[in-house]
Amino acid sequence: MATRKTSPDDLLAPVTLAVGQEDLLLDRAVQEVVAAARAADADTDVRDLNAEQLQPGTLAELTSPSLFAERKVLVVRNAQDLSADTIKDIKAYLAAPIEEITLVLLHAGGAKGKGLLDAARKAGAREVACPKTTKPAERLTFVRQEFRALGRSATPEACQALVDSIGSDLRELASAVSQLTADVEGTIDEAIVGRYYTGRAEASSFNVADRAVEGRAAEALEALRWSLSTGVPPVLITSALAQGVRAIGKLSSARGGRPADLARELGMPPWKIDRVRQQMRGWTPDGVSLALRAVAEADAGVKGGGDDPEYALEKAVVAVARAARLRR
């Protein structure tokens with residue numbers, strides 16, 4: 001195989017390397033290659049294997065010449081877990097890939113199995129990035145791109161409401177975008193998202209945190225009970241509370257300026273700067289310290305340090321709401 005890098009648009013490149021830990025993106029990388037192969041040959045044979053199934057010698061069997069010269073797609077998942085001998089087989093194959101076969105390697109990235117990553121890149125594999133989305137801004141970008149890919153328009157407020165309502169699961173976010181675009185004509189706005197996902201929004205861990213840091217204890221407790229009744233893990237709620245209080249602490253100690261400037265300084269998206277500015281009224285440095293201690297205690301409680309996680313969460317929510325009103 002040539003050492004020059006394959007074009008990202010060449011879905012039938014001899015080798016595709018999908019790197020990252022976001023399952024939806026990894027699956028999409030595979031689906032795109034399979035669809036392209038079957039468009040070229042409807043009888044394409046697809047073999048989807050995990051690391052345990054690809055033993056030394058297996059690749060040679062799967063890539064051996066066929067009497068019918070059929071097109072094949074070989075998918076290898078969790079390639080970072082392959083044995084040393086199997087990696088040797090793949091490296092040897094990379095030197096002389098077979099024209100009618102497309103090899104798709106799914107690799108988590110990182111240090112484990114890095115030798116295979118380096119070899120595939122050196123051989124010129126087509127590479128697809130599939131990073132885990134860990135930041136709200138990344139999920140917001142994902143939602144916008146999903147609407148754009150489907151040829152539909154959604155307001156920034158609608159995209160944000162969808163992220164707030166659904167949470168961090170990209171599969172669920174993609175499914176929600178698909179449902180909205182199928183059911184609704186014209187531009188999708190915040191009101192439409194609210195009609196579809198009100199229950200999800202009220203069950204959101206971030207909704208609990210928002211009500212608490214705004215000092216609205218009764219509403220925060222109601223949202224908390226709803227969240228727990230719908231199966232939201234307690235650890236996600238303590239995480240949301242911690243993020244909400246820390247954001248207020250960061251912004252209250254930052255220099256004044258435009259949202260865009262503060263966003264760069266604090267590592268927050270501009271929309272969050274505006275929201276936190278509204279939420280921080282009534283907060284004091286002492287209030288932030290008290291709230292963070294309360295959240296830390298609750299976090300320990302829900303992770304096994306206490307007998308009643310629900311009580312630990314209720315106590316933390318009330319403490320945060322009270323801390324928000326120290327100056328009032």
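**Threonine 44, helix 4 and a helix pair in a predicted model**

In this predicted model, a polar atom of the threonine 44 side chain lies 2.7 Å from the backbone oxygen of aspartate 41.

Colleague: What makes the pair of threonine 44 and aspartate 41 a polar contact?

Modeller: The distance is 2.7 Å, and a polar contact requires N or O atoms within 3.5 Å. The pair therefore meets the distance cut-off.

Colleague: Why is threonine 44 called buried?

Modeller: Its relative accessible area is 6%, and buried means under 20%; threonine 44 is therefore counted as buried. Threonine 44 lies in the loop between helix 1 (23-40) and strand 2 (45-49). Leaving aside residues up to four places away in sequence, threonine 44 touches Ala37, Arg38, Arg71, Lys72 and Val73.

Colleague: How do you know that the buried residues of helix 4 line one face of the helix?

Modeller: The buried residues in helix 4 (residues 114-122) are Leu116, Leu117, Ala119 and Ala120. Viewed down the helix axis, they fall within an arc of 165 degrees, so they line one face. These residues pack against strand 1 (15-20), helix 3 (84-95) and strand 4 (101-107).

Colleague: What makes Phe142 of helix 5 and Leu173 of helix 7 part of the contact between these helices?

Modeller: Contact means heavy atoms within 4.5 Å. Phe142 is among the helix 5 residues that meet helix 7, and Leu173 is among those of helix 7 that meet helix 5. The residues of this contact divide into eight nonpolar, one polar and two charged. The axes of helix 5 (residues 136-149) and helix 7 (residues 170-183) come within 10 Å and cross at roughly 35 degrees, in a right-handed crossing.

Definitions and conventions
Residues numbered from 1 in each chain as written. Predicted model: local features only at pLDDT ≥ 70, side-chain atom pairs only at ≥ 80, totals over all residues. Heavy atoms only, no water. Axes fitted to C-alpha atoms, helices over the stretch in contact; angles between N-to-C directions. Helix = DSSP H or I, 4+ residues; strand = E, 2+ residues; numbered from the N terminus. Left-handed = near helix turned anticlockwise from the far one by under 90°. Nonpolar A, V, L, I, M, F, W, Y, C, P; charged D, E, K, R; others polar. Buried < 20%, exposed > 50% of the residue type's maximum accessible area, 1.4 Å probe, protein only. Arc of directions from axis to C-beta. Polar contact = N/O pair within 3.5 Å; in protein donor to acceptor, adjacent residues only side chain to side chain.
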